[in-house]
Each structure stands twice: as structure tokens, then as C-alpha cells.
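Please open the model in the viewer and keep the selection panel at hand. The tour proceeds by selections, one stop after another.

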Amino acid sequence: MRPGVDITAYQGNVKEARFGVDFFRRFDCVLNGLDNLEARRHVNRLCLAAEVPLVESGTAGFLGQVSVHIKGATECFECQPKPTPKTFPVCTLRNTPDKPIHCIVWAKEMLFPLLFGAPEASDLNETIGAEGSGEDGGEAGQADDPSFYQRREGEGSRQYAERVFRQLYSTKIEELRRMEDLWHSRRPPEPLNLDALLALEANGGSGSAAPAAKGSACKALGLTDAHAVWDVQQNARVFLVAVQAFLDERADELGAAQFDKDDQLAVEFVTAASNLRAACYGIPMQSLFVTKGMAGNIIHAIATTNAIVSGLIVLEALKLLAGAPAACQTSFLHQQVSGSKRLVSRMAAPTSNPACMVCGTAQAGLVVDTHRMTLQQLVDKVLKGRLALLAPSLSCGSFLYEEGQDLEEDEVTFYRSLLPRPLASLPGGGLVNGSIVEVSDQEQQFKAQLVISHREDWDEEVHPEGFELSGSLPAAEAEQQPAAPTATASEPAALPTSAATAAKGPKAELQETADGVVVLTSDDEEAAEAAAATGKGKRKASELAEDDGQDGKRARVQEGTDVVDLLDDSD
Amino acid sequence: MASSPKAGEQLTEHEAAIYDRQLRVWGVETQKRLSQARVLIAGCNGLAAEVAKNIVLAGVGSVALVDDTPCSLRPPSNFLVPADAPASTTVAEASATTLAEMNPYVKVSVLPGTPVAALAPENLRQADLLLLCGQDASVIAQADALCREDGVALFAGVCRGIFGWAFADLGEHTYLWEKVEEQKDGSSSKTVEERMLSFPSWAAATSCSLQGVSTKRLSKLYLLLRVCAKFEQQQERFPTAEDAEALAALAAGVCSEAGIDPAVLPANQLAAYAAADADMPAINAVVGGVVANEVIKAVGRKGEPAVNNFFLFSLADGGQGSVERMG
């Protein structure tokens, strides 16, 4: 297109150490087209550290958003809470599912690793607890022996598949039915009868001999329409053939397989396994296409919207490069126009949130049972999972914990030995009620203080993660959407932000779609924007409303024209 | 318009794979209708390149391009034309080659002649939808009259300097309107109804009264293009910087015809619009993306069109993208 332009392509993960602060300092601005929240938060921190302006973007379906983040002048990407992946109470997944997503998450995150992956990654072989008690259940609560799911000596793959089927959909369901406490206000699940299903199959004329799968159980069974919802019998056949295929054709992966939404056989297995469970519980079954979207958290990115958003990104980048950062704005692409007639609307970039932990100096509060939460859980679930740190360091009094590449071997060994210990039993008196922990990440130049509060008696239904973070954190306020990485799609990182904040306003309403994408609906998006601003408590709605008045408009006309003039001169 | 998809016909496995994300946005029926739609594009500038790229990636049935400008005079913003394209080929031919490589499922062809050749009955008859890019108002007016007669959907777009706009005329457009409501048990109920939307003609859209219209909210770009449309209709060409005086005179006439205060029309913007001799790729991307979304909705006949009938994007308005319904 332009032969003289100097373009360097780097292939790699943006979180790699080679793309550190020094790397970012070499640029005049950074344009994000990332597909996951973690990476966005990481780049935000590096841009803050390197003092390089960041243009952030996201799309979902016909919706899009572009925002500009300049250290000291505007809010940073993490000044407003971001929705984090929705989690489900383990007991709901294990015992009392009532939505298709519960069955899909069960099949993908519990059953799949148990059969094909690393069984320790599955919660399924834990004891079935009576609901709410947190204690082991009665007779039905016998721990599932993980070795049950190992293939026995001399056992054929079909035999194994049938044995697992009977265990999951007959024996376990029968056990659950006997836990009467669970079914006072719910319909108890109905076990499936594999022999009856296979008899139907035999009568159907296709015979019970399983066809060779060759990477796809559906193809082998002639179920080629990804949009069709299979009946119970078809699901049973897909389940058996898919399990067989994993054993026969992908033996080398067993024990280490991981679910991947682009792995046809894995998606077929999860579809059948979750539908069979749904059938037991009277939950509607789903097509392969829908299951793939829900299991893979697929964000609906389309070329058209991506093109519009890329144009909006470039317009903001041009303002930055032309030396007019004050002219930068946040843009929203809407699906429909409303009273304001704007399909692309704009608002001034909000100023930073003084209570932001990332670009400010705020403290965060962590409420947790310090006798139960281990250092490992603190590091994995809180620091990496919620605060998006890569290599966290912790210090509190004489207690020190570090991760990173510069550590000596004996240090690594020592720190590892601390990981299984509960917080209260760590060296130096432990992390207990009132402890103030210094948390940092050298790679991200991130620093914050974590104030610990001790609390016992957690209700798993309310807090499945077993902790509560408070303060103006770069974390979720409410359960909203599973914003997991996707390979090609551009996740609407920014969208949920506006949606979450705008939801505080009077005229905006949050809608969660079947696939968990949060969309903002509003009768008047400018009111919503004003609401978004007031929600942050920094700009008054009236102030923002004036942007549409004569004075505001004139100022912007001036800025807009100046920028373009500059560009024309330089071109 | 495209005929209904054949019943029971499935997308191939490969199609389902490459269209996976967009199928989650608009569904299989829309994809099938899209795959049967024939789009004719007159004028191969940067805006045309944006729209063509978008609808080819989306999987439209066929795209025919008309523009015999030699590649030596290629518009720099048409990224479909390689920098080293032979001078002897036309921008339509070079663009078609690039488009065909983007998606083998789309038939890409070139029709001979200048963009106006698209209006010849034998060409228009082969199209479900006509897109005019960078054509002056005299061509748009002529095309719109023919398209309304033949039941061909019309889109027209112009990007100049810091301004870009698009016009849509789908005539009497029927579409499926869907509402999905999540039930407590995780299932969803779907309401589907057929709705109709009426689009005004280009002639009506550029001559209507604006009395009673809130001029504060009115996109100033609409007024600019309406003044220039009058000029282009008379002169059969775009204005240039030299035409400032003639435009100023026309502006007064347009304001009195529309019944609005002439002070509403910003004279400096009118001069800037007339003087602009190049487009901005970023604005092509915005306008071209919006047009492509509307093209997909038009031929897919699902979902309410967002643009009836002008989309107006102007950096002079703070970079907002407005929709006005005129006429």
C-alpha cells in the first residue's frame, strides 16, 4: 500500500518480558486490538509506566467502543471496574444445575479434565456436599474415586465409554436423588437408562456397532447440522463415540488434554455430555453451535464493526500524533439510533478516578478466612486472577514472597514451600486481620496495598470464590459476563465498562445476552453517557449535557479542524 | 432482491467455519440470503474498497465493479489496488483481483466503462443492490429513479476531507424483526414479526422542508451536501475550491427552500467541503463499515436498518456519526 512505511511485526504474547516498559517507551502511542481482559489490563499498566498514550477498543456484534487513556489527563483503562468472568457455585454445578450453562461448564471444566485431561484440574471427584452446609453429605456423599474413571486393564474403549455413561447419568443421578434435602423445592433429576437408549438405537436400524469417528463423532453418526438440537438418544451416541474416539485416536493426549473451542471432537463431547445432564435435570438441550459459543465464550466479532472501530481508533491516534491529546474522546458505536440520532456518539474522555488502584495510590480491602485461604490461593485467585498480576511480590513485616526470573534456586524452593500454608500461618506472624500487605509486580511497575480482614463462615452460594475484594479495584462489581480470551474475536472490553457504569444512570439498562455479552440499551445514549459520568462522581451530568450546547460544540469544532489542518500540512 | 434461500440447504463445513463469528450475530438464514445477493459497485475509490472488502468477507453472493480509471491514476485510499499494479489495468480490475483472493465463495467480476455504465439497463437488471461511490448528485438522482423503478436497493456514499456520508434508499423494505427474551429456566422465547420500512427517494431527501426540525441537533453536513447536490445537479460535477461563490449563492436558496435560518449553515464548513480534494482512509472505514452493515441487513432482510436514510460523519461536528431521515 505504502512501500516506504517502516513496519515491524512481532509474533508473541504481549505479556512476554521482552515487551516490557522499555519496549513501550519507544512508541508515541499504543493502539490496542486485544481480545482479552488480562492482556488489556497488562498493556494499560505498561502504558502508564512508560507514560505512553493508549487507544483502547472493543467490538461485539454491531456494537463498538474506542477510548483514549493518557496518564495524568484521563482515566486509565482500569479506573472503572471491569466485569470478570462469571463463576458458578461448585455445588450448583455438581448437584443442582438449573440452566444450560451450568451443564456446559460442568462438562467442560469438570468432566472433560476428569476423563481426558489432568484429573486434579477437575472438582468433580470431590465429595458431593449437602447444599449450603459446606460439610460432607450423608451416604450419597461418598467421594468419587478418581481411579473409577481410569480405563481398566483389558477394557475396550466402548466398554469404558458405557461404564462412564452409566456412572454419570445413572448411578450418580440416583445417588443425588437420595439426597432429599436438595429436592424440597426442586424437581429431582431423572437418571438415564443407557440400555433403553441403545435398544432404541438398535431398533432404529443403525446397529449398535459404533462407527469409526475419525476426529468427529457427529460426522461418523451423520449429524452434520451444527444448528440442530439432538435428541437424548443422539446425544448418547455422540457421547459414546466421542469418548471412544478420544481413547482410540488421541491416546497420546490422555492425561493432559485441555478443552479448546476449535477442537471439533472436544466440542462434540461437551455438547453431548452437557445435553445428557440437561436431560436428567429437565433443562433445555442446546445445539452444537450454541454450546460451542457458550463453552468457548465466543465473542461475536464481525468484519464490518471491526472496520468502523478501526477507523475510530485511527482518528484518535491522529489527534495524539498531531499533538492534540486534549481533543481525544471516547466513541461509542450503537446498533440503532434513538432520539439523539447518533449512530456514532462521542463523549469527552473522563478524568482519572483518584481511588483507582492502578493509576492512583488506593488501598484495596481483602476479606477472607485467613485460616483457610492458602498463600497459593491468594496468589492464584486474588493477585493473578483478579488483580491481573503476572509475577507478584508480597511483603508484610518480615514476611516476603516473590516470583520472577531473577530469583536464586534456593529462594524459589523456599517461596514454593510457603504456598500451601494458610495466610495466618505464614512467617512473621502471618497475614491476619488488619495486616497491610505491600503487593507489587515489577514487570508491570504495579504497586498497591492490600488490607486484610478476617471472616469465617463463607456461603459458597454467595461467594463461590471464598473472598471479597473492596475498594476501587480493577475487578468486577457484579457477575456479568464471561470475558474469556478468544482466538480471533475482539472482545468488547470497553463495552461492559460503559454498560456497567451507565447502568447506574436512570435511562440505561443492562442486558445480558444468552452468550453473556453485555450490551447497553438506552433510550438516549447521551443521557446514558451523562449517567456514566455522574456514576463516576467526577463530572456532573449538567456539565456533560452542555457538551451538546453551543459552547461545547464550538470548542470541539475548533479542535477538530485544527487537528485535520495539521495532518493535511504534514502529509 | 435476492430470492428466498432454498429450503433445507446447509452451509458447507468450511463456510460454517469461516463464517462462525458472524453467524452468531445474524444467523444462518441471513447468511444464505447474503450468499445469493448480487451487488453492483460503481466507482472504485477508497470508500468502495472498504464496503467491498467488508461484504466480500461477509460472504455476499457476487460483487461486480465498474470503474475504468487506469491504475496509474488510482485513488491512493483504495487499498485493494497494489502499489505496483500495471498501469494498463483499471482500478476495477485490480480491485477485483484482490477481492477474489479474500473469499473464494464470492463471485467477483468487472463490467466495462465508467461508473455511470452501471446504470445501463442490462447491468442494473443483474443486480439486487447498487452502491455508488464518489458519484456526484446528478448520477445519484438518476440512479435512484432507475433503482426505484426496478426494485433495486440503492446506497450512495461520498467521503471528502473531514466529511463522509452515505444515503440509503431501500424503497418499501420488509424485514424480520426478532426479539429474544430469556426465561428464568434458561430457555428463551423468540418473537418474530414482519415489519415494513419506507424509504424516501433521493429527490425528496434533498428537497424536503426542514421547518420544525431542531436545527441544534441537525447534522450540518446534511446542509452542506444538500447545497452541493444542487450544484452537482446543475453542473454534473463536484464543486471545487473555485466554486465557493456559486455555492454561497446556492446556500441562501437552499435555506429559504428548506425554511431555515441561513445562519444555521456554517459557511466555513461549506468552503472546506467544496475544497476537499482527497478522502481520509479512517473516515472511509467508518462510513464504509456502516454502509456494509446496512447492505447486509438490506439483503438479509433481518433486523431493522439503522440508516433511513442518511448517515453523516463529520469531524467538524466533533466526529459524531448521525442518522437523519429526510424527505
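Begin by selecting β5(A) together with strand β10 of chain B, residues 320-324: the two run antiparallel and are joined by two bridges. The model is a predicted one. Within this pairing, display Val344(A) and Gly321(B), since named here as bridge partners, with Gly321(B) lying in β10(B).

Next, widen the selection to the interface of the two chains. Here 46 residues of chain A are in contact with 43 residues of chain B. Which elements of chain A each supply at least two residues of the side that touches chain B? They are α11 (303-321), β4 (329-333), β5 (342-348) and α17 (550-570). Colour α11(A) separately, for the largest share of this side, 10 residues, comes from that helix. Colouring the side of chain A that touches chain B by class then shows 23 nonpolar, 15 polar and eight charged residues.

Now turn to the interior. Select Val63(B) and Leu130(B), which touch the most other members of the largest nonpolar core, a set of 178 residues. Add helix α11 of chain B, residues 281-300, which contributes 12 residues, the largest share of this core. Then centre the view on Leu130(B). Apart from neighbours within four places in sequence, the contacts of Leu130(B) are Leu40(B), Ala42(B), Ala118(B), Leu124(B), Ala143(B), Cys147(B), Val152(B) and Leu154(B).

For the last stop, select Val243(A), Ala273(A), Leu276(A) and Ile283(A), which are among the members of a second, separate core of 54 residues. In soluble globular proteins, nonpolar side chains tend to be buried together.

Key
Residues are numbered from 1 along each chain as its sequence is written. Chains are lettered from A and ligands numbered from 1 in the order in which they are written. This is a predicted model: local features need pLDDT of at least 70, side-chain atom pairs count only at pLDDT 80 or more; totals for chains, interfaces and linings use all residues. A nonpolar core is a set of buried Ala, Val, Leu, Ile, Met, Phe, Trp, Tyr and Cys residues joined through C-beta atoms within 7 Å. A residue is buried if 20 or more other C-beta atoms lie within 10 Å of its own, exposed if 12 or fewer, and partly exposed in between; C-beta atoms are placed from the backbone. Helices (H or I, at least four residues) and strands (E, at least two) are DSSP runs, numbered from the N terminus. Two residues are in contact if their C-beta atoms, placed from the backbone, lie within 7 Å. Ala, Val, Leu, Ile, Met, Phe, Trp, Tyr, Cys and Pro count as nonpolar, Asp, Glu, Lys and Arg as charged, and the others, Gly among them, as polar. Two strands pair if DSSP finds at least two bridges between them.
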